[in-house]
Amino acid sequence: MIDTCSGTLIVHTLFGAECTDESCTELSEVRHALIIDCDELGDCACSAEFGVQLRHAS
């Protein structure tokens, strides 16, 4: 049996992952039933930073 977390794992483009459950200490995707990319939140700093990097790269 795998120990699961009841929170949602948010996978950031630039900054790793975080969980919405403050007591979660293991950020493995295997432990989370709900996993989303940070760009689905719409207001993540990763999206803004990634956009700036793309503008400077072109």
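Okay, let's start on the surface: Glu29, Asp37, Asp39 and Glu40 gather there in a patch of negative charge. For patches, I take residues with over 30% relative accessible area and no salt bridge, and join like charges within 9 Å, or nonpolar side chains (Val, Leu, Ile, Met, Phe, Trp, Tyr) within 5 Å. A salt bridge here is a side-chain nitrogen of Lys or Arg within 4 Å of a carboxyl oxygen of Asp or Glu. Asp and Glu count as negative, Lys and Arg as positive, and His and the chain ends are not counted. The charge itself is placed at CG of Asp, CD of Glu, NZ of Lys or CZ of Arg.

Before going on, the fine print. This is a predicted model, where local features need pLDDT of at least 70 and side-chain atom pairs count only at pLDDT 80 or more, while totals for chains, interfaces and linings use all residues. Residues are numbered from 1 along each chain as its sequence is written, and side-chain values use heavy atoms, with hydrogens and water left out.

So what is the order of elements from the N terminus on? The protein chain runs β-β-β-α, with 1 helix and 3 strands. Those are DSSP runs numbered from the N terminus: helices are H or I with at least four residues, strands are E with at least two. Back to the patch for a second: Glu29 sits in the loop between β2 (16–19) and β3 (32–37).

Now some totals. The protein chain has 58 residues, and 24% of them count as buried. Buried means under 20% relative accessible area, exposed means over 50%, and partly exposed is in between, with a 1.4 Å probe and protein chains only. The protein chain exposes about 4,300 Å², and carbon and sulfur atoms supply 53% of that; the areas are Shrake-Rupley with a 1.4 Å probe, and for residues only the protein chains shown count as cover. As for contacts, among those between residues at least 6 apart in sequence, 48% join residues at least 24 apart. Contact means heavy atoms within 4.5 Å.

Let's walk along the strands, beginning with β1, residues 5–12, where we find Thr8. Thr8 counts as buried because its relative accessible area is 19%. Setting aside residues up to four places away in sequence, Thr8 touches Glu18, Cys19, Thr20, His32, Leu34 and Ile36.

Two of those partners deserve a look. His32 is in strand β3. Is His32 buried or exposed? Buried, because its relative accessible area is 5%. Beyond its neighbours within four places in sequence, His32 is in contact with Cys5, Gly7, Thr8, Leu9, Cys19, Cys24, Glu26 and Leu27.

Ile36 is in strand β3 too, but it counts as partly exposed, because its relative accessibility is 23%. Again leaving out residues up to four places away, Ile36 touches Thr8, Leu9, Ile10, Val11 and Leu41. Its C-alpha is separated by 8.9 Å from that of His12, with the two positions 24 residues apart along the chain as the spacing.

That takes us to His12, back in strand β1. His12 is buried, given a relative accessible area of 14%. Which residues is His12 in contact with, neighbours within four places aside? Ala17, Glu18, Cys38, Cys44 and Cys46. There's also a link to the patch we opened with: the C-alpha atoms of His12 and Asp39 are 27 residues apart along the chain and separated by 7.8 Å.

Last stop, the turn into β2. Phe15 lies in the loop between β1 and β2 and counts as exposed, because its relative accessibility is 54%. Outside the window of four places in sequence, Phe15 touches Ala45 and Cys46. From the C-alpha of Phe15 to that of Cys38 the separation is 9.9 Å, for residues 23 apart along the chain.

Then Gly16, in strand β2, is partly exposed, with a relative accessible area of 40%. With the same window left out, Gly16 touches Ile10 and Val11. Gly16 and Cys38 are 22 residues apart in sequence and 10.0 Å apart in space, C-alpha to C-alpha.
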